[in-house]
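Please read the following report with the sequence and the model side by side. The text begins with the terms it needs and then turns to the chain and its residues.

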Amino acid sequence: KCNMKIVSTTTVWPKWQIVIPKEIRNKLNIKPGDWMIILLKDDKYIWLVKNNEIDDLMKFINNEKK
C-alpha cells in the first residue's frame, strides 16, 4: 500500500533542471535556500525530500518493507 498520487507535472530543462510547481512549493513550505535530498529507489523512482523531513520519509520506507 502506498499513499502517493500525481499532483503536478514539470519539464526537464536543457541544463537538467526542473521547477517545483508553485502549488507544491506552497504546500510543502519550500523556500529558496532550503536543502533538498534526492533519493533513488530501485533505479526507478526519485523522491525529493526537504532535509528536515528525512526522518519521516525513512520511517515510511521502513514501514513499507514490513
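Helices and strands are DSSP runs numbered from the N terminus, where a helix (H or I) has at least four residues and a strand (E) at least two. Valine 49, to which this report returns below, lies in strand E2, residues 45–50. This is a predicted model, in which local features need pLDDT of at least 70 and side-chain atom pairs count only at pLDDT 80 or more, while totals for chains, interfaces and linings use all residues. Residues are numbered from 1 along each chain as its sequence is written, and side-chain values use heavy atoms, with hydrogens and water left out.

**The chain as a whole**

The protein chain contains two helices and two strands, and along the sequence these follow the pattern α-β-β-α. The predictor's confidence in each residue is given as pLDDT, on a scale from 0 to 100; the mean for the protein chain is 81, and 89% of its residues reach 70 or more. Among the elements, helix H1 (residues 22–28) has the highest mean pLDDT, 88, whereas helix H2 (residues 54–65) has the lowest, 73. Where pLDDT is low, the predicted coordinates should not be read in detail.

A residue is called buried when its relative accessible area is under 20%, exposed when it is over 50%, and partly exposed in between, with a 1.4 Å probe and protein chains only. By this rule, buried residues make up 14% of the 66 residues in the protein chain. Accessible areas come from the Shrake-Rupley method with a 1.4 Å probe, and for residues only the protein chains shown count as cover; the accessible surface of the protein chain comes to about 6,400 Å², of which 56% belongs to carbon and sulfur atoms. A contact means heavy atoms within 4.5 Å, and of the contacts in the protein chain with a separation of 6 or more, 11% are between residues 24 or more positions apart.

**The two strands and the core**

Valine 49 counts as buried because its relative accessibility is 9%. Leaving aside neighbours within four places in sequence, valine 49 is in contact with Trp35, Met36, Ile37, Leu39, Ile54 and Leu57. Leucine 48 is also placed in strand E2, but leucine 48 counts as partly exposed because its relative accessibility is 41%. With neighbours within four places again left aside, the contacts of leucine 48 are Ile20, Met36, Ile37 and Ile38.

Isoleucine 38 is found in strand E1 and counts as exposed, because its relative accessibility is 62%. The C-alpha atoms of isoleucine 38 and leucine 48, ten residues apart along the chain, are separated by 4.7 Å, while the C-alpha atoms of isoleucine 38 and valine 49, eleven residues apart in sequence, are 6.5 Å apart.

A nonpolar core is a set of buried Ala, Val, Leu, Ile, Met, Phe, Trp, Tyr and Cys residues joined through side-chain atoms within 4.5 Å. The largest one here has five residues, namely Trp47, Val49, Ile54, Leu57 and Ile61. The elements that give two or more residues to this core are E2 and H2, and H2 gives the most, with three residues. Isoleucine 54, setting aside neighbours within four places in sequence, is in contact with Ile37, Leu39 and Val49.

**The nonpolar patch**

Patches are made of residues with over 30% relative accessible area and no salt bridge (a side-chain nitrogen of Lys or Arg within 4 Å of a carboxyl oxygen of Asp or Glu). Like charges are joined within 9 Å, and nonpolar side chains (Val, Leu, Ile, Met, Phe, Trp, Tyr) within 5 Å. Ile38, Leu40, Ile46 and Leu48 make a nonpolar surface patch of about 440 Å². Strand E1 (36–41) and E2 are the elements that give two or more residues to the nonpolar patch.

**Residues outside the helices and strands**

The table lists three residues with their places and relative accessibilities.

| Residue | Place | Relative accessibility |
|---|---|---|
| Tryptophan 16 | segment before H1 | 75%, exposed |
| Asparagine 29 | loop between H1 and E1 | 43%, partly exposed |
| Aspartate 34 | loop between H1 and E1 | 31%, partly exposed |

Most residues other than glycine have a negative phi. Tryptophan 16, however, has a positive phi near 65 degrees, and asparagine 29 has a positive phi of about 55 degrees although it is not a glycine. Aspartate 34, leaving aside its neighbours within four places in sequence, is in contact with Asn29 and Lys50. The C-alpha atoms of aspartate 34 and asparagine 51, 17 residues apart along the chain, are separated by 7.8 Å.
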